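I opened this entry to record what I looked up, step by step. The overall build comes before single residues.

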Amino acid sequence: MKVNRVLARFIWVAVIFLAFIGIAVATRRSVVLLRPGALSSRNNPAAELDQAFTDRRTLTLTHILPAMLFMVLGPLQFVRGLRSKYPQVHRWCG
């Protein structure tokens, strides 16, 4: 039982960590698109990528903003208490 609990905790930490990475990347991309030049520097390795996304600003934001919501709501699908006590929230998040 203890190994299962440790494994479950490790998996939760990994899921939350990966969700935060996704949120951080989406936040950075949103800032670059909404405030051009806010994060630019001469040694920016992502300058060409930033320009490619800037050329398609509306499409990129249409993709990124809902993705940020899903990165927050996605891990909630696996919370057992939420599924059992509030199934309507679980279904809405899914």
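The notes below go from the whole chain to chosen residues.

**Overall build**

I noted at the outset that this is a predicted model. I looked up the secondary structure and found 5 helices and 0 strands. Read from the N terminus, the order is α-α-α-α-α.

I then checked the dimensions. The C-alpha trace spans about 55 × 30 × 15 Å along its principal axes. The radius of gyration is 18 Å, whereas a compact globule of 94 residues would have one near 12 Å.

Next I asked what share of the residues is buried. The value is 18% of the 94 residues. I also looked up the accessible surface, which comes to about 7700 Å². Carbon and sulfur atoms hold 67% of that surface.

I turned to contacts with a sequence separation of 6 or more. Of these, 52% join residues 24 or more positions apart.

**Ser-30**

I picked Ser-30 in helix 1, which covers residues 2-34. Is Ser-30 buried or exposed? Its relative accessibility is 8%, and the cut-off for buried is under 20%, so Ser-30 counts as buried.

I followed its side chain to a polar partner. That side chain reaches the backbone oxygen of Ala-26 at 2.9 Å. I then listed what Ser-30 touches, leaving out residues up to four places away in sequence. The list is Leu-61, Ile-64, Leu-65 and Met-68.

**Thr-60**

I moved to helix 3, residues 57-73, where Thr-60 sits. Thr-60 has a relative accessible area of 9%, so this residue is buried.

Which backbone oxygen does the side chain of Thr-60 reach? I found that of Arg-56, at 2.8 Å. I also checked its contacts, setting aside neighbours within four places in sequence. Thr-60 is in contact with Arg-29, Leu-33 and Phe-53.

**Leu-18, Phe-20 and a surface patch**

I went back to helix 1 for two residues, Leu-18 and Phe-20. Leu-18 has a relative accessible area of 54%; the cut-off for exposed is over 50%, so Leu-18 is exposed. Phe-20 counts as exposed because its relative accessibility is 56%.

I asked which residues make up the nonpolar surface patch that includes Phe-20. The others are Trp-12, Ile-16, Leu-76, Phe-78 and Val-79. The patch has an area of about 560 Å².

I also took a distance from Leu-18. Its C-alpha lies 21 Å from that of Val-32, and the two residues are 14 apart in sequence.

**Trp-92**

My last stop was helix 5, residues 87-93, which holds Trp-92. Is Trp-92 buried or exposed? At a relative accessible area of 62%, Trp-92 is exposed.

I looked up one distance here too. Trp-92 and Leu-73 are 19 residues apart along the chain, and their C-alpha atoms are separated by 9.5 Å.

**Recap**

I checked two buried residues in detail, Ser-30 and Thr-60. Each has a side chain that reaches a backbone oxygen, that of Ala-26 for Ser-30 and that of Arg-56 for Thr-60. On the exposed side I have Leu-18, Phe-20 and Trp-92.

Definitions and conventions: Residues numbered from 1 in each chain as written. Predicted model: local features only at pLDDT ≥ 70, side-chain atom pairs only at ≥ 80, totals over all residues. Heavy atoms only, no water. Helix = DSSP H or I, 4+ residues; strand = E, 2+ residues; numbered from the N terminus. Rg over C-alpha atoms; globule rule 2.2 N^0.38 Å. Buried < 20%, exposed > 50% of the residue type's maximum accessible area, 1.4 Å probe, protein only. Contact = heavy atoms within 4.5 Å. Areas by Shrake-Rupley, 256 points an atom, 1.4 Å probe, with all protein chains shown as cover. Polar contact = N/O pair within 3.5 Å; in protein donor to acceptor, adjacent residues only side chain to side chain. Patch = residues over 30% accessible without salt bridge, like charges linked within 9 Å, V, L, I, M, F, W, Y side chains within 5 Å. Salt bridge = Lys/Arg side-chain N within 4 Å of Asp/Glu carboxyl O.
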